[in-house]
Number of protein chains: 2
Amino acid sequence: MKKAPTRFYLSEDQMPRQWYNLRADMKVKPAPILMPATMKPATKADLEPVFPEKLVEQELDDETRYFGIPEEVLELYKLSRPSPLIRAYQLEKELDTPAKIYFKFEGNNTSGSHKLNSALAQAYYAKAQGLEGVTTETGAGQWGTALSEAGAAFGLPVNVYMVKVSYDQKPFRKSVMQTFGANVVPSPSTETEVGRKILEQFPDTKGSLGCAISEAVEKAVTTPGYRYVLGSVLNLVLLHQSIIGLESKLAMEMLGEYPDVIVGCTGGGSNLGGLMAPFMQDKLTGKADPRILAVEPASCPSMTRGRFAYDYCDTGCITPLAKMYTLGSGFMPSADHAGGLRFHGMSPVVSQLYHDGYIDAVAVEQTDVFDAAVKFARCEEILPAPESAHAIYGAIQEALKAKETGEEKTILFGLTGTGYFDMTAYESYLNGSMKNYIPTDEELEKGFASLPKVPGEE
Amino acid sequence: MKKAPTRFYLSEDQMPRQWYNLRADMKVKPAPILMPATMKPATKADLEPVFPEKLVEQELDDETRYFGIPEEVLELYKLSRPSPLIRAYQLEKELDTPAKIYFKFEGNNTSGSHKLNSALAQAYYAKAQGLEGVTTETGAGQWGTALSEAGAAFGLPVNVYMVKVSYDQKPFRKSVMQTFGANVVPSPSTETEVGRKILEQFPDTKGSLGCAISEAVEKAVTTPGYRYVLGSVLNLVLLHQSIIGLESKLAMEMLGEYPDVIVGCTGGGSNLGGLMAPFMQDKLTGKADPRILAVEPASCPSMTRGRFAYDYCDTGCITPLAKMYTLGSGFMPSADHAGGLRFHGMSPVVSQLYHDGYIDAVAVEQTDVFDAAVKFARCEEILPAPESAHAIYGAIQEALKAKETGEEKTILFGLTGTGYFDMTAYESYLNGSMKNYIPTDEELEKGFASLPKVPGEE
């Protein structure tokens with residue numbers, strides 16, 4: 001039999017021209033998001049002051065199965081898509097496993113991650129609506145970079161609130177965003193009311209995604225012609241990210257493969273949500289039954305130790321509430337190096353599917369993740385982002401299990417990005433100063449205490 | 001007519017299985033390299049204590065037209081090759097030019113550059129010979145990273161002497177190399193005699209490629225089982241880099257294209273040498289006559305203002321002498337941000353062809369290069385390395401000329417790498433503190449004064 005290629009690219013003609021909306025096939029839909037003032041389900045009119053119109057439509061639509069990708073977005077997707085599906089031959093050899101390990105590599109673009117898939121879509125819709133600009137937050141900096149790139153592509157001004165810990169740990173990320181013309185502010189900042197309040201209460205805080213979201217939302221709704229855009233968690237983001245899974249599935253079909261296990265890292269859930277989408281469709285419709293594995297950091301274990309409850313998406317409690325696995329918006333995550341996974345909640349779609357038993361989840365400690373990252377780098381010549389390395393860890397575990405049982409399993413994982421801006425983290429791993437952190441039950445309880453009371457929910 | 005794809009990938013089956021040795025088709029061969037002690041042409045026996053055996057053979061062979069790429073090297077090439085040939089549609093639109101701009105993108109691997117092409121070959125041959133390890137130098141850090149990756153792939157220890165200015169400007173490059181298991185030392189160091197001497201004479205020196213080469217060579221010849229490997233300048237490196245041009249030419253043929261102009265940045269000459277190789281073959285054999293344009297920094301203008309003469313490749317004057325365009329091994333380049341182009345000499349192959357009129361050259365100032373880099377980044381969503389941006393500048397100039405004349409020229413340039421580790425440079429450009437530097441004639445004369453006297457040469 002002919003050996004499968006190491007890197008497999010679809011041609012541009014084969015690139016999907018529609019996003020797939022997983023919600024259309026969910027038997028139990030994700031619970032509606034609630035407006036904080038009324039605790040009633042959000043309507044189009046409620047959300048349009050915050051988000052671009054077309055994105056609100058996509059967010060609220062649980063029924064439409066496919067959305068056409070605008071021609072302008074497709075053209076810009078082609079600057080980095082289709083992304084390669086890679087067979088990790090060298091890693092397989094190193095692990096001496098009978099498993100076949102494939103990964104979908106989303107890091108071959110300047111944002112260094114899959115975030116560009118949604119950034120281009122969101123910037124396009126904002127521009128098409130005639131907006132003056134958008135605000136957003138960024139954690140590890142990948143989303144902020146992606147949106148800055150997208151802003152440059154469509155001539156749309158972009159304001160980025162960057163979580164302070166990342167701003168400090170990743171000094172060069174800021175310059176990349178500025179190179180693409182974005183305005184970058186460390187969060188919490190004194191530019192917003194919510195930022196000033198948080199600084200008053202916690203003067204030494206290194207910030208959090210939740211806090212940066214609060215600031216970006218406040219800035220958007222108080223600036224004429226501006227809207228807020230978000231790079232994870234939301235249904236609309238998972239919709240755009242479905243292109244990862246659609247390409248992966250088509251490429252695997254062309255190689256005569258179907259994954260037994262699909263592994264993704266989870267912070268807000270957009271990467272796993274996108275990667276698994278068409279495979280989850282098979283699962284929901286009874287066509288196939290792959291195992292779907294979410295890997296999260298033990299330092300911010302929203303799925304494995306969180307509650308399935310309505311919660312705010314931000315620390316300032318000004319966003320709508322989503323029903324999701326959450327540690328509580330008051331949970332203060334440690335300065336773990338996988339900044340992109342340091343969010344207290346989880347995508348409502350991923351949460352509902354996890355709740356309904358369609359997804360498995362594990363939490364992993366930081367040094368184990370970096371063991372996997374370095375092993376992978378030396379085999380596959382790609383330096384992974386710490387976030388992505390969670391998925392690598394999960395895939396290696398699955399491959400080692402297959403070695404024990406002797407099964408020739410087919411594993412697919414999502415390599416969401418590269419770690420060129422995470423060298424501070426790698427340094428601390430290499431010099432042995434990296435620490436692991438697992439929140440105590442008491443610390444979690446403090447976070448849960450911040451969960452809002454919602455009429456009709458337990 | 002069908003629109004050409006934005007990114008075009010050859011399949012793995014179509015990847016060249018041989019390197020092309022341009023010297024075989026040169027009417028005037030590059031002059032032989034001379035041993036410093038005797039000023040006589042270097043023999044195999046002279047060079048084998050310094051370089052791995054097979055590489056010495058490749059270096060000295062001016063006749064063999066094609067060299068087979070070892071199977072093990074091909075397998076590892078597949079981790080990042082074939083690299084894409086990209087049509088810069090967005091840049092064309094921005095420039096409003098009738099020219100078609102293509103670029104071959106070599107930055108989609110962790111070394112961030114084309115250097116991996118030769119690193120994998122050299123590490124393979126070193127390992128196959130049973131060596132204990134290799135030493136090398138690195139400027140911008142791309143070659144050092146590439147060799148570290150290659151060392152990890154073949155289980156070969158790697159010692160890297162990194163030019164101090166880059167070590168300081170690019171703090172994270174070091175960590176990347178260490179992640180791949182390499183030992184990294186800032187140069188000049190106190191580890192070698194030549195390093196100690198230079199530090200004595202110039203205690204504040206920020207180092208130079210020439211000086212780092214001296215240290216790496218000294219270390220290799222004084223350590224049992226070690227050899228020295230070099231990532232540019234040498235004939236053997238151009239041989240390995242020919243894969244860039246071979247892939248480019250095949251891809252363009254498949255798209256029904258042939259370049260009117262081929263643009264490359266030049267530091268040591270390996271990138272331009274590799275990119276132009278099969279097109280230069282057409283030129284030398286009368287099949288076609290594309291313009292070949294070398295773009296170098298005005299701060300280190302070896303082709304446009306240097307002398308065509310025998311010179312040492314290093315500052316310490318311990319390497320063999322090559323006949324090349326050179327500013328003199330005593331020329332002390334300024335702390336220009338394109339560290340990878342800051343070498344006093346130029347590949348003997350590129351030099352001879354330039355001398356014989358087959359190549360045009362221009363020198364460009366730093367801020368103009370960064371203007372081009374930022375314009376390109378915002379159009380094409382790729383953050384280029386400062387080195388590569390010299391080629392972008394050249395390509396843009398060619399496209400603007402085509403706009404003036406109304407010609408539908410086809411331009412091909414080499415985008416050798418990404419600039420993720422060059423954010424210090426981008427920062428200084430963005431905040432306006434970046435300075436241009438052009439050496440005065442007096443400064444050049446000082447460099448020329450260091451040129452050695454060689455019997456039989458003027």
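Me: Which residues are buried in α8(B)?
Reply: Happy to start there, keeping in mind that this is a predicted model, where local features need pLDDT of at least 70, side-chain atom pairs count only at pLDDT 80 or more, and totals for chains, interfaces and linings use all residues. Helices (H or I, at least four residues) and strands (E, at least two) are DSSP runs, numbered from the N terminus. Buried means under 20% relative accessible area, exposed over 50% and partly exposed in between, with a 1.4 Å probe and protein chains only. By that rule, the buried residues of α8(B) are B:F172, B:R173, B:K174, B:S175, B:V176, B:M177 and B:T179.

Me: How many residues of helix α8 of chain B are buried, and what encloses it?
Reply: The helix covers residues 171-179 of chain B. Seven of its nine residues are buried, so helix α8 is largely enclosed by the rest of the structure.

Me: Which residue with a positive phi follows α8(B)?
Reply: Look just past the end of the helix, now that you know how the labels work: residues are numbered from 1 along each chain as its sequence is written, chains are lettered from A and ligands numbered from 1 in the order in which they are written, and side-chain values use heavy atoms, with hydrogens and water left out. The phi there is near 95°, and the residue is B:G181.

Me: Is B:C211 buried or exposed?
Reply: B:C211 is found in helix α10 of chain B, residues 209-221. It touches B:S187, B:P188, B:I198 and B:T315, leaving out residues up to four places away in sequence; contact means heavy atoms within 4.5 Å. With a relative accessibility of 2%, B:C211 counts as buried.

Me: How far apart are the C-alpha atoms of B:C211 and B:C317?
Reply: Along the chain, B:C211 and B:C317 are 106 residues apart. In space, their C-alpha atoms are separated by 9.1 Å.

Me: Which residues does A:L74 contact, leaving aside neighbours within four places in sequence?
Reply: A:L74 is found in helix α3 of chain A, residues 71-77. Its relative accessible area is 3%, so A:L74 is buried. Its contacts are A:M15, A:P16, A:R17 and A:I69.

Me: Is A:T190 buried or exposed?
Reply: A:T190 is found in the loop between β8 (183-187) and α9 (193-201) of chain A. Not counting residues up to four places away in sequence, A:T190 touches A:R196 and A:L199. At 58% relative accessibility, A:T190 counts as exposed.

Me: What is the radius of gyration of chain A?
Reply: This value is taken over C-alpha atoms, and the globule rule is 2.2 Å times the number of residues to the power 0.38. For 458 residues the rule gives a value near 23 Å. Chain A agrees with a compact globule, having a radius of gyration of 20 Å.

Me: What relates the two copies, chain A and chain B?
Reply: Copies are superposed by least squares on the C-alpha atoms of residues with pLDDT of at least 70 in both. Chain B can be laid on chain A with an RMSD of 0.0 Å by a turn of 180° and a shift of 0.0 Å along the axis. The two copies are thus related as by a two-fold rotation axis.

Me: Which residue of chain B comes closest to the rotation axis?
Reply: The copies meet through the same surface, because 100% of the interface residues of chain B are also interface residues in chain A. At 3.1 Å (C-alpha), the residue of chain B closest to the axis is B:N108.
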